[in-house]
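These are my notebook entries on a structure that I am reading for the first time. I record what I looked up, entry by entry.

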Amino acid sequence: MYIVHFSDFWGDTTFASHFREAKYLWPLNATTISKVKNQAVVDIITIGSRHPITKQILHQLPALKCIICRTIGINHVDLEYCRQHHIAVYHIPDYGSFAIAEHVFALILSKARKVIDLQVDIKQGIFRYTKGQGFTLQKKTIGIVGVGNIGKEVAKIARGFQMRILGFDIKKDTSFSLRIGLKYVSLETLLRESDFISLNVVLNAKTHHLINEAAIKTMKTGVVLINVSRGEVIDTQALLKHIHKFRFGGLDVIEGETQIRKSNQLLKHDNILITPHVAFFTDRTTTEIATITNRNIQYFLDGKQTNRVV
């Protein structure tokens with residue numbers, strides 16, 4: 001089997017040392033596909049999430065039998081084409097929900113306690129607390145949209161902050177909710193009552209623009225919105241239209257993030273904190289992603305269905 005690994009960025013060596021097979025230190029996309037050697041005999045590829053794997057790209061890999069996504073989400077792969085052409089697709093169901101949940105609170109605390117904002121004065125030698133009144137988490141309500149692996153880790157941390165915890169999910173884990181003190185409610189109730197809202201859903205037809213203008217109008221004035229799922233879960237134009245309704249927003253993902261420019265309107269607002277899709281990226285998760293990627297390759301070679309989505 002001819003196996004090829006692709007990086008997410010040009011020159012990115014994050015996973016290179018973990019893989020023995022052929023590797024390219026650049027992403028697979030419509031521009032780079034022509035640079036792939038021996039296209040006609042590539043059997044397996046492993047990819048990140050930064051670029052869409054379209055039928056136009058896949059058509060140029062005629063021997064391809066399997067795509068291994070080094071991600072939880074698979075919305076960047078043309079799954080219908082894969083089904084029609086009998087290309088298996090594997091993903092990583094969980095490589096570090098705890099790390100992504102940690103980032104939820106990194107975003108929250110960075111703004112709630114003005115950690116970043118205060119650096120402007122500090123670096124000018126101004127050392128006073130008068131601009132630093134924070135926003136306490138204790139006894140505030142956090143609403144978790146999507147109580148899967150990541151959402152559950154968010155709830156565990158929120159419990160440590162002694163927050164009231166609301167959850168919305170189409171699947172309810174009653175034993176978990178009783179143990180943690182999470183209350184399942186409708187999405188409307190969650191949006192209406194929450195002081196903090198954490199988005200932890202997969203991207204699909206039902207969650208695309210889940211947070212739209214109607215949803216934002218339901219929220220409290222002064223709400224905090226955190227997104228560590230996919231950028232397209234939020235309607236960016238609706239968010240911009242009502243930007244002043246939010247105490248702040250912490251976005252690890254945004255719509256069109258691979259094409260972000262200085263002119264992006266979100267960058268003009270001081271109550272928006274953006275990180276570059278980095279919630280997953282820690283010392284521990286990098287090793288785990290590589291380990292499961294290699295395991296998924298072996299699952300495919302052995303004909304196993306574990307972690308297979310197509």
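**Entry 1: The second largest pocket**

I looked up the second largest pocket and found that 15 residues line it, with Ser49, Arg50, Asn75, Glu232 and Thr258 lying nearest its centre. I note at the outset that the model is a predicted one. The volume of this second largest pocket is about 280 Å³. I then sorted its lining by class and obtained 2 nonpolar, 8 polar and 5 charged residues.

**Entry 2: The largest pocket**

I turned next to the largest pocket, for which the volume is about 1400 Å³. A probe the size of a water molecule, rolled over the atoms, shows where empty space is left. I counted 49 lining residues for the largest pocket, and those nearest its centre are Ile72, Asn200, Val201, Val202 and Leu203. By class, I recorded 22 nonpolar, 17 polar and 10 charged residues in the lining of the largest pocket.

Which helix gives the most to the lining of the largest pocket? I found that it is α5, with 3 residues. Both α3 (97-112) and α5 (149-160) supply at least two residues each to this lining. I therefore examined these two helices, α3 and α5, in the next entries.

**Entry 3: Helix α5**

I checked the length of α5 against expectation: at 1.5 Å a residue its 12 residues should span 16 Å, and the end C-alpha atoms lie 17 Å apart, which agrees. Which residues of α5 are buried? I listed Ile150, Gly151, Val154, Ala155 and Ala158 as the buried residues in α5. They cover an arc of only 140° around the axis, so they lie on the same side of α5. An α-helix has 3.6 residues a turn, so residues three or four places apart point the same way.

I then asked what covers the buried residues of α5. The cover includes the helices α3 and α6 (174-180), together with the strands β6 (141-145), β7 (164-168), β8 (182-184) and β9 (196-199). After α5 comes Gln162, and I noted that its phi is positive, near 60°.

**Entry 4: Helix α3**

I applied the length check to α3 as well: 16 residues at 1.5 Å a residue should span 22 Å, and the end C-alpha atoms are 23 Å apart, which agrees. I found 12 of the 16 residues of α3 buried, so this helix is largely enclosed by the rest of the structure. Among the buried residues of α3 are Ile100, His103, Phe105, Leu107 and Lys111. Just after α3, I recorded a positive phi of about 55° at Lys114.

I selected Ser110, a residue of helix α3, for a further look. Its relative accessibility is 18%, under the 20% limit, so Ser110 counts as buried. Setting aside neighbours within four places in sequence, I found Ser110 in contact with Val115, Ile116 and Leu273. Ser110 and Leu273 are 163 residues apart in sequence, yet their C-alpha atoms are 8.8 Å apart in space.

**Entry 5: Gly48**

I located Gly48 in the loop between β3 (44-47) and α1 (55-58). Is Gly48 buried or exposed? At 8% relative accessibility, I count Gly48 as buried. Not counting residues up to four places away in sequence, Gly48 touches Phe6, Asp8, Arg70, Thr71 and His76. One of these contacts is Arg70, which is 22 residues from Gly48 along the chain, with 5.3 Å between the C-alpha atoms.

**Entry 6: Two loop residues with positive phi**

I looked up His86, which is not a glycine but has a positive phi of about 55°. His86 sits in the loop between α2 (79-84) and β5 (88-90), and at 68% relative accessibility it counts as exposed.

I did likewise for Lys139, which is not a glycine either and has a positive phi of about 70°. Lys139 lies in the loop between α4 (119-122) and β6, and its 71% relative accessibility makes it exposed.

**Entry 7: Arg192**

My last entry concerns Arg192, which I found in helix α7 (residues 187-193). With 39% relative accessibility, Arg192 counts as partly exposed. Beyond residues up to four places away in sequence, Arg192 touches Thr218 and Lys220. I also noted that Arg192 and Arg295, 103 residues apart in sequence, are 43 Å apart in space from C-alpha to C-alpha.

Conventions:
Residues are numbered from 1 along each chain as its sequence is written. This is a predicted model: local features need pLDDT of at least 70, side-chain atom pairs count only at pLDDT 80 or more; totals for chains, interfaces and linings use all residues. Side-chain values use heavy atoms; hydrogens and water are left out. On a 1 Å grid over the protein atoms alone, a cavity is a set of points where a 1.4 Å probe fits but cannot get out, and a pocket is an open set with protein on both sides within 12 Å along at least five of seven lines; lining residues have an atom within 4 Å of a point. Grid points are joined across faces, edges and corners, and a volume is the space filled by probe spheres set on the points. Helices (H or I, at least four residues) and strands (E, at least two) are DSSP runs, numbered from the N terminus. Ala, Val, Leu, Ile, Met, Phe, Trp, Tyr, Cys and Pro count as nonpolar, Asp, Glu, Lys and Arg as charged, and the others, Gly among them, as polar. The expected span of a helix is 1.5 Å times one less than its number of residues. Buried means under 20% relative accessible area, exposed over 50%, partly exposed in between (1.4 Å probe, protein chains only). The arc is that of the directions from the helix axis to the C-beta atoms. Contact means heavy atoms within 4.5 Å.
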